[in-house]
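Let's take a friendly walk through a protein chain together. Have a look at the sequence and the 3D picture, and then read on.

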Amino acid sequence: ASAPPPFARVGSVAPGGPAAAAGLQPEDRLLRFGHVDASNHDGLRALALLTRRSEGGTIPLLVLRGASPLELTLSPRHWEGQGLLGCLLHPV
């Protein structure tokens, strides 16, 4: 199956945050965030909801880095920075 289209771009990644621990990098493009993809992200609201529901657990990610799809595992949690992710996401 071909990968879904990207629906969000990683802007900045905070050092020491959950996104950095997962291996996310600035300019990575999100193809899938758990069950959320380009068809159902609802202005990224579905992503925020899933993040809150998954606190303390894990979310499988499929990202596009350059031309290569990459599977990562994100563990949303409270840390010294803001939010549960530690990265800025922009809709694409």
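What follows goes from the overall fold to the salt bridges and then to a residue in the last part of the text.

**The overall picture**

Keep in mind that this is a predicted model. The chain has two helices and five strands, and along the sequence they come in the pattern β-α-β-α-β-β-β. The radius of gyration is 12 Å, close to the 12 Å that the globule rule gives for 92 residues, so the chain is as compact as a globular protein of that length. Along the principal axes, the C-alpha atoms fill a box of roughly 35 × 25 × 20 Å.

How much of the chain counts as buried? Of the 92 residues, 40% do. The chain exposes about 5100 Å², and carbon and sulfur atoms supply 53% of that area. Contacts tell us about the fold too: among those between residues at least 6 apart in sequence, 61% join residues at least 24 apart.

**Charges and salt bridges**

The chain carries 8 positive and 7 negative side chains, and the centres of the two sets lie 3 Å apart. How many salt bridges are there? The count comes to three, and here they are:

| Pair | Closest N to O distance |
|---|---|
| Arg9 and Glu27 | 3.2 Å |
| Asp28 and Arg65 | 2.7 Å |
| Arg45 and Asp42 | 2.9 Å |

Take Arg9 and Glu27, which form a salt bridge. Arg9 lies in strand S1 (residues 8–13) and Glu27 in the loop between helix H1 (18–22) and strand S2 (29–33), so the pair ties together parts that are 18 residues apart in sequence. Arg9 is partly exposed at 22% relative accessibility, and Glu27 is partly exposed at 45%.

Now for Asp28 and Arg65, whose side chains also meet in a salt bridge. This pair links distant parts of the chain, with Asp28 in the loop between H1 and S2 and Arg65 in strand S3 (residues 59–65), 37 residues apart. Is Asp28 buried or exposed? Asp28 counts as buried, because its relative accessibility is 2% and buried means under 20%. Its partner Arg65 counts as partly exposed at 26%.

In the pair of Arg45 and Asp42, Arg45 is exposed with a relative accessible area of 55%, while Asp42 is partly exposed at 46%.

**A stop at Pro91**

Pro91 is found in strand S5 (residues 87–91) and counts as exposed at 56% relative accessibility. Which residues does Pro91 touch, not counting those up to four places away in sequence? They are Phe7, Ala8 and Leu44. Glu71 is 20 residues from Pro91 in sequence, and their C-alpha atoms are 20 Å apart in space.

Notes: Residues are numbered from 1 along each chain as its sequence is written. This is a predicted model: local features need pLDDT of at least 70, side-chain atom pairs count only at pLDDT 80 or more; totals for chains, interfaces and linings use all residues. Side-chain values use heavy atoms; hydrogens and water are left out. Helices (H or I, at least four residues) and strands (E, at least two) are DSSP runs, numbered from the N terminus. The radius of gyration is taken over C-alpha atoms; the globule rule is 2.2 Å times the number of residues to the power 0.38. Buried means under 20% relative accessible area, exposed over 50%, partly exposed in between (1.4 Å probe, protein chains only). Contact means heavy atoms within 4.5 Å. Accessible areas come from the Shrake-Rupley method with a 1.4 Å probe; for residues, only the protein chains shown count as cover. Lys and Arg count as positive and Asp and Glu as negative; His and the chain ends are not counted. The place of a charge is taken as NZ of Lys, CZ of Arg, CG of Asp or CD of Glu. A salt bridge is a side-chain nitrogen of Lys or Arg within 4 Å of a carboxyl oxygen of Asp or Glu.
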